[in-house]
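The following paragraphs lead the reader through a structure, beginning with a single loop position and then widening the view.

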Amino acid sequence: MVLICVDCHNQLVENHCSHCGRFYEQKNGILIAWPKTMDKLAEEEAEHHDEDDSDAIEVHQLNRPRNVFYHEQLWQEMRELPKGSSILEIGAGSGFDAQVLQDNYALTLTDVSPETLRRLSEKLNNPDIMYIAADGSRLPFANNSFDGIYMVATLHHLPNQQQGIHELARMVKSGGQVYIGIEPNSTYFMWIKYFRGLLCRLIHMDPHKGSHADAEMEGFSYIDLKKYFFGTEWESVTIRPIWFLAGWWHYGSEFLFRSLRLKKRFVLPSILEWLLIYLDEALFKIPGMKYLAWHWSVSAKKL
Ligand SMILES: C[S@@+](CC[C@H](N)C(=O)[O-])C[C@H]1O[C@@H](n2cnc3c(N)ncnc32)[C@H](O)[C@@H]1O
């Protein structure tokens with residue numbers, strides 16, 4: 001794996017840039033590869049996620065069918081790569097996907113928050129995984145470094161999303177697989193941003209707390225994502241809708257949990273979750289219905 005300086009793009013030799021001489025420190029086994037001047041949003045995200053040690057798997061019920069069904073699409077895409085292939089995750093967070101892929105692939109996990117990576121390395125306890133703290137729109141890897149790259153619920157956290165997509169194209173090898181998942185649809189999230197103050201009051205949340213990226217984002221339209229992947233670099237670009245009824249359940253039940261200050265989140269019986277998924281997948285076949293999905297995923301291959 002060839003690492004490069006995020007400031008001048010020259011090769012690192014023993015954590016020193018071979019051109020500008022900058023030294024990249026390593027803390028708790030995690031290389032800190034932030035740029036010298038980091039974007040304000042990325043800095044705030046690092047700070048927030050360093051402190052936030054809540055269990056995303058529990059909070060978002062990632063182990064329930066409505067999430068597993070869509071993460072399975074990512075795992076399937078990556079499983080098309082031969083065993084041992086090099087895979088990069090951007091915004092590794094809870095490690096929900098890394099947990100599944102770690103046995104068969106050479107994983108490099110990145111996140112802007114070093115503490116998140118430290119917690120994750122303790123949890124996964126796998127010495128073969130490389131951890132690097134970096135901003136997803138300025139990553140310290142040489143061109144064509146990876147066979148596959150994925151990011152889940154992270155593109156909307158990046159300070160420069162178009163730049164993030166350029167980075168994917170730069171770092172993935174020709175024929176390599178890219179997957180971006182669970183990205184918010186602007187059909188809902190631009191309104192949620194508009195009414196955020198009121199919503200925060202209803203769910204007893206301080207509007208200044210939490211992830212600034214989550215607070216400021218408006219989500220992506222189908223056309224936004226199409227534009228990101230328009231061009232000569234990509235083939236087999238597929239944009240899929242995720243959750244219609246399942247999204248109303250997910251966000252509706254979370255709203256009730258927080259606004260009523262309940263002690264436990266609602267858990268829908270698995271059979272009902274599967275029913276929602278199959279209904280959603282049937283509904284998405286109706287022309288126009290995909291625009292009402294709560295989230296999108298994109299998969300593409302680099303030419
Ligand atoms: C919603 S979480 C998703 C985490 C993980 N993919 C998962 O599914 O559990 C978003 C993650 O993006 C990370 N993040 C935020 N801004 C980032 C940036 N500029 N570059 C890289 N990662 C970032 C956060 O630290 C957080 O772990």
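Asn-125 lies in the loop between helix H5 (114–124) and strand E7 (130–133). The model that places it there is predicted. Although Asn-125 is not a glycine, its phi is positive, at about 45°. Asn-125 counts as exposed because it has 8 C-beta neighbours inside 10 Å, the limit for that class being 12 or fewer. A positive phi of about 45° is also found at Ser-236, again a residue that is not a glycine. Ser-236, however, is placed in strand E10 (residues 234–242). It has 10 C-beta neighbours inside 10 Å and therefore counts as exposed.

From these two positions the view may be widened to the chain as a whole. The protein chain contains 12 helices and 11 strands. Its C-alpha trace spans about 55 × 40 × 35 Å along the principal axes. For 303 residues, a compact globule would have a radius of gyration near 19 Å, and the protein chain agrees with this because its own value is 19 Å. Of the 303 residues, 39% count as buried. Among contacts with a separation of 6 or more, 71% are made by residues 24 or more positions apart.

Leu-88 offers a view of the interior. This residue is located in strand E5, and it counts as buried because 28 C-beta neighbours lie inside 10 Å. Neighbours within four places in sequence aside, the contacts of Leu-88 are Thr-108, Thr-110, Phe-146, Ile-149 and Met-171. The C-alpha atoms of Leu-88 and Val-178 are separated by 9.6 Å, although the two residues are 90 positions apart along the chain.

Met-171, one of the contacts of Leu-88, leads to helix H6 (residues 161–171), in which Gln-161, Gly-164, Ile-165, Glu-167, Leu-168 and Met-171 are buried. Viewed down the axis of H6, these buried residues fall within an arc of 155°, so they line one face of the helix. An α-helix has 3.6 residues a turn, so residues three or four places apart point the same way. The buried residues of H6 pack against strand E5 (86–90), strand E8 (146–152), strand E9 (172–184) and helix H10 (222–228).

Helix H3 (residues 65–79) permits a check of geometry. Its 15 residues, at 1.5 Å a residue, should span 21 Å; the end C-alpha atoms are 20 Å apart, which agrees. In H3 the buried residues are Pro-65, Arg-66, Asn-67, Leu-74, Glu-77 and Met-78.

The surroundings of the ligand come next. The ligand is surrounded by 23 residues, of which His-49, Gly-91, Gly-93, Ser-94 and Gly-136 are the closest. Classified by type, this shell comprises 11 nonpolar, nine polar and three charged residues. Helix H1 (residues 40–51) supplies the largest share of the shell, namely three residues.

Helix H1 also holds Asp-50. With 18 C-beta neighbours inside 10 Å, Asp-50 counts as partly exposed, because the buried class begins at 20. Residues up to four places away in sequence not being counted, Asp-50 touches Ser-113, Pro-114, Glu-115 and Thr-116. Asp-50 and His-60 are 10 residues apart along the chain, and their C-alpha atoms are separated by 19 Å.

Methods: Residues are numbered from 1 along each chain as its sequence is written. This is a predicted model: local features need pLDDT of at least 70, side-chain atom pairs count only at pLDDT 80 or more; totals for chains, interfaces and linings use all residues. Helices (H or I, at least four residues) and strands (E, at least two) are DSSP runs, numbered from the N terminus. The arc is that of the directions from the helix axis to the C-beta atoms. Two residues are in contact if their C-beta atoms, placed from the backbone, lie within 7 Å. The expected span of a helix is 1.5 Å times one less than its number of residues. A residue is near a molecule or strand if its C-beta atom, placed from the backbone, lies within 6 Å of it. Ala, Val, Leu, Ile, Met, Phe, Trp, Tyr, Cys and Pro count as nonpolar, Asp, Glu, Lys and Arg as charged, and the others, Gly among them, as polar. The radius of gyration is taken over C-alpha atoms; the globule rule is 2.2 Å times the number of residues to the power 0.38.
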